[in-house]
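Please go through the notes below with the model open. They cover the sheets, one helix pair, two core residues and the ligand shell.

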Amino acid sequence: SKIPNGLKDIHTITLIENIKNAIMYNSSADKFYLSSKEYFDNDGITKFQIRDKWMCLLSDPVIAKDIFLRTDIFPKLLFDEFLPDSVLSHHFGVNIVHSNGDIWKRARHICNLAFKVLPIHLFVDVGFKLMNIMETIDNKPIDVVDLMHRFALDVLGKTVFDFDFNNLGDPKNIYVTTYNEVQDEVNNFLFQILPLDLIPYFKNRRLGKVKKLQKLFDDFIKNKHKSMAARNSNGDLLELMIKACDDPNNEAFNDIELRYNLAIFMVAGHDTTANALATIFYLLAVHKNVQQKAREEILSVLGSDLTPSTEQHKALKYLNMIINENLRLYPPAPFLPFRKLAEDLKYKNHVIPAGTGISLFIYAMQRSPKLWENPEEFIPERFENEKNINGSYTWTPFGAGSRMCLGNHFSLIEQRIALCLILRKYEISLPSNSIHRNQLQLQAFGTPKPINLIFKRRTE
Ligand code: HEM
């Protein structure tokens, strides 16, 4: 459709480019950034069209701050409005990530309760299970992307739903295969930019997969109702969500809303952490000196303890710098969920009209040569300076403000536990024929292509 005047001078990523990115690179953040790097680096803004709607993608920390703090001007763009009757709207509906106003407040309030005290012993249990599996692999290259997804999904299931997906023990189980099939559809950007779902064959096939997963989630919720009626209380998130439904003073979450929230927690709560761990192991394999220094810190802080206590989490200073630097280079959520501009917005010499879709390209901002010295290099030491974390909205892997990621501590604790367990026991290296030997390759959005690494048992 016609370009509004205020958007005219903003670089356009054409439909053809978007289709090419989707088909050739699955819209992965690295290729997407490279294809328009000069515009992200210099102007901090690009635009493209999805169907007939204009979307702006920003990489400027000044506007980032406003997006995070002015939720009145930047409310979330809802799937029902943006892509009605799509796989996305059927699968995710309205949930804690994709909602505004009172609906969001209520969801956040309920979920906050569940995340206040984290069941660390469960993280550790699953961590030991991971170590048992690694014992059996010994010295053969193993894909850490797959392994970390299995680990993170089991952690999420146990802690958030009190359910054992057993993806570490049985990677081909029905939950995981059904979930992955839907995730492949969700990640297919081609179906967002083109109205391919109008073709009944595609639509039925894609929605069929979503329905199959929804049935599993519905059974999940039904079983939870049953076990709660039998007074087997565990205090997990799903239980808290259901209890809130029974409270006459609170507006109810019905079973459909519960299911939408389960769907978003599955992605938000495990794909992100799994990708973060996979890219960290890659970076440590490539930067052996950093790996050795991290290991020395772990051994000195933890002594003979295998996993960190609450105080020890903070004392792992160098490890935390590595974690932060990894989240800068490979933000697991490279694109912030879209907002819909509530009023006209002036940005530099542009006027973005109300109604435009707005997202922050976190990946581009965190690699901008204007904001970071040697942005492409892995330098954990840059996070010795705390200012890089909370000062100027240049580093926002978890977002910021009232909509900031609810699971950031959850994820950081999970990452530290896995790193402590593995670094103590194994020396990690990248095989010389790796496809990643010059540069880590992403596969879709923030997910890396399989990364085979060698874990060699250390002799202490
Ligand atoms: C490295 C791991 C993670 C990263 C990088 C990450 C990143 C993000 C980002 C960028 C947002 C969007 C903020 C916005 O739209 O303004 C978000 C929101 C959210 N994340 Fe995470 N996340 C991670 C792990 C987790 C985990 C482990 C959970 C749950 C177990 C979780 C639950 C959520 C929820 C519920 C929201 C929505 C918050 C709201 O709108 O109130 N995330 N996360």
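How many bridges join β3 to β11? Two bridges join them, and the strands run antiparallel.

1. **Ground rules.** This is a predicted model: local features need pLDDT of at least 70, side-chain atom pairs count only at pLDDT 80 or more, and totals for chains, interfaces and linings use all residues. Residues are numbered from 1 along each chain as its sequence is written. Helices (H or I, at least four residues) and strands (E, at least two) are DSSP runs, numbered from the N terminus. Two strands pair if DSSP finds at least two bridges between them.

2. **Three-stranded sheet.** The strands of this open sheet follow the order β3-β11-β8, with antiparallel pairing. The edges are β3 (142-143) and β8, each pairing on one side only. On the β3 side, Asp143 stands opposite Asn452 in β11. On the other side, four bridges join β8 to β11 (residues 452-457), and these two strands run antiparallel. Ser429 has Ile454 of β11 as its bridge partner.

3. **Faces of β8.** Side chains alternate along β8 (residues 426-429). Tyr426 and Ile428 point to one face and are buried. Glu427 and Ser429 point to the other face and are not buried. A residue counts as buried if 20 or more other C-beta atoms lie within 10 Å of its own, as exposed if 12 or fewer do, and as partly exposed in between; the C-beta atoms are placed from the backbone.

4. **Four-stranded sheet.** This open sheet has the order β1-β2-β7-β4, with mixed pairing. Its edges are β1 (45-50) and β4 (339-340); each has a single partner strand, so one side of each is left without a neighbour in the sheet. As background, strands of a sheet pair through backbone hydrogen bonds, either parallel or antiparallel.

5. **β1 with β2.** Six bridges join β1 to β2, in the antiparallel sense. The two strands form a hairpin with two residues between them. Arg51, in the turn, has a positive phi of about 55°. Lys47 has Cys56 in β2 as its bridge partner.

6. **β7 and its partners.** Strand β2 (residues 53-58) runs parallel to β7, joined by four bridges. β4 pairs with β7 (residues 357-360) in the antiparallel sense, over two bridges. Gly357 in β7 is the bridge partner of Met55, and also of Lys340. Ile358 in β7 is the bridge partner of Cys56, and Arg339 stands opposite Ile358 too.

7. **Helix pair.** α8 (residues 120-135) and α9 (residues 144-161) pack at an angle of about 150°, with axes 9 Å apart. Axes are lines fitted to C-alpha atoms, for helices over the stretch in contact, and angles run from 0 to 180 degrees between N-to-C directions. From α8 come Leu122, Phe123, Val126 and Leu130; they meet Phe151, Asp154, Val155, Lys158 and Thr159 in α9. Contact means that C-beta atoms, placed from the backbone, lie within 7 Å. The residues of this contact divide into six nonpolar, one polar and two charged. Ala, Val, Leu, Ile, Met, Phe, Trp, Tyr, Cys and Pro count as nonpolar, Asp, Glu, Lys and Arg as charged, and the others, Gly among them, as polar.

8. **Leu237.** This residue lies in α13 (residues 237-246). Leu237 is buried because 22 other C-beta atoms lie within 10 Å. Leu237 touches Cys111, Ala114, Val160 and Phe161, not counting residues up to four places away in sequence. Leu237 and His436 are 199 residues apart in sequence and 38 Å apart in space, C-alpha to C-alpha.

9. **Leu329.** This one lies in α17 (residues 317-329). Leu329 is buried, with 20 other C-beta atoms within 10 Å. The C-alpha atoms of Leu329 and Ile280 are separated by 10.0 Å, and the two residues are 49 apart along the chain.

10. **Ligand shell.** Around the ligand there are 24 residues, of which Gly269, Thr272, Gly399, Cys405 and Gly407 come nearest. A residue is near a molecule if its C-beta atom, placed from the backbone, lies within 6 Å of it. α7 (101-116), α14 (255-286) and α20 (408-425) each supply at least two residues of the shell. The largest share, six residues, comes from α14. By class, the shell has 16 nonpolar, six polar and two charged residues.

Definitions and conventions: Contact = placed C-beta atoms within 7 Å.
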